Amino acid sequence: TDTIDTLDFDYFAQTTRAALAVLTELAQPVRAGVPATPTGFRGRSLVFYSLFNKAKRAELSWDAVAGAVGYNVYRSGRSHLDYARVNAAPVASTSYTDGYLRTDAFYYYIVRAVGSGGGESNPSREFEVIPEPASVTAAGPARFSLLLNGGRP
């Protein structure tokens with residue numbers, strides 16, 4: 001039932017502008033005065049066990065970016081959503097350790113380079129820290145099996 005005289009061209013113009021704005025943001029353009037996106041983002045997670053507790057930490061690193069005065073590290077519990085910065089001030093080095101993480105949770109990290117004017121680069125690729133397997137979490141680490149079994153192998 002749409003005809004030329006029933007179409008709302010102002011509405012179409014507004015939705016087209018909004019769609020282009022979203023596409024532009026998703027394309028992650030490089031803006032003048034902002035450093036390049038960090039590359040080589042990698043990491044590992046480590047779990048430390050004591051007799052009564054365990055703790056996890058994520059050790060992250062990336063390649064240096066020319067023109068960056070520091071880096072901001074972001075973490076989320078959901079992939080590609082709701083990132084929050086974990087460092088109070090830009091990190092001067094190309095590595096960061098995030099400690100005291102829950103061993104039963106997923107964590108997702110990205111890093112952004114910070115320019116001299118405070119502008120941030122586009123985000124790096126995401127690094128995922130997975131939870132400990134349920135069998136390890138429930139039974140404890142293998143090295144404590146003698147303690148849990150009364151000292152018998």
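This passage walks through the fold of the protein, from its overall make-up down to single residues.

The model is a predicted one. Three helices and seven strands make up its secondary structure. Read from the N terminus, the order of the elements is α-β-β-β-β-β-β-β-α-α. The chain has 153 residues, and 27% of them count as buried. Its accessible surface comes to about 10000 Å², with 57% of that belonging to carbon and sulfur atoms. As for how the chain meets itself, take the contacts with a separation of 6 or more: 60% of these are between residues 24 or more positions apart.

Now for the strands. Three of them form an open sheet in the order β1-β2-β5, and the pairing is antiparallel. β1 (42–49) and β5 sit at the edges, so to speak, as each pairs on one side only. On average, neighbouring strands of this sheet are turned by 15° against each other, if direction is ignored.

The pairs in this sheet can be taken one by one. β1 and β2 make a hairpin, with four residues between the two strands. Eight bridges hold this antiparallel pair together on paper, and one place to look is Val47, which stands opposite Lys56 in β2. On to the next pair: β2 and β5 are also antiparallel, with five bridges. Here Ala58 stands opposite Asp98 in β5, while Leu60 stands opposite Tyr96 in β5.

β3 has its own set of partners. It is joined to β6 by seven bridges, and the two strands run antiparallel. Within that pair, Asn72 has Arg112 of β6 as its bridge partner. β3 also pairs with β4 (residues 84–85), again in the antiparallel sense, over two bridges. In this case Arg75 has Ala84 of β4 as its bridge partner. β3 is mostly covered, too: six of its seven residues are buried.

That brings up the inside of the protein. In soluble globular proteins, nonpolar side chains tend to be buried together. In this model, the largest nonpolar core has 17 residues, and the members that touch the most others are Phe41, Leu60, Trp62, Val73 and Tyr109. Two or more residues come from each of β2 (54–61), β3 (70–76), β5, β6 and β7 (127–129). β6 gives the most, with four residues.

Val73 is a handy residue to click on. Leaving out residues up to four places away in sequence, Val73 touches Leu60, Trp62, Ala84, Arg85, Val86, Asn87, Tyr96, Tyr109, Ile110 and Val111. Among these contacts, Leu60, Trp62 and Tyr109 are also named with Val73 as core members that touch the most others. Leu60 and Tyr96 have come up before as well, as the two residues that stand opposite each other, with Tyr96 in β5.

Finally, there is a loop residue worth a look. Thr103 is found between β5 (95–101) and β6 (107–114). Is Thr103 buried or exposed? Thr103 counts as buried because its relative accessible area is 8%, and buried means under 20%. As for its surroundings, Thr103 touches Val47, Lys54, Ala55, Lys56, Pro131 and Glu132, again leaving out residues up to four places away in sequence. Two of these have already appeared: Val47 stands opposite Lys56 in β2.

Definitions and conventions: Residues numbered from 1 in each chain as written. Predicted model: local features only at pLDDT ≥ 70, side-chain atom pairs only at ≥ 80, totals over all residues. Heavy atoms only, no water. Buried < 20%, exposed > 50% of the residue type's maximum accessible area, 1.4 Å probe, protein only. Contact = heavy atoms within 4.5 Å. Core = buried A, V, L, I, M, F, W, Y, C linked by side-chain atoms within 4.5 Å. Pairing = 2+ DSSP bridges. Axes fitted to C-alpha atoms, helices over the stretch in contact; angles between N-to-C directions. Areas by Shrake-Rupley, 256 points an atom, 1.4 Å probe, with all protein chains shown as cover.
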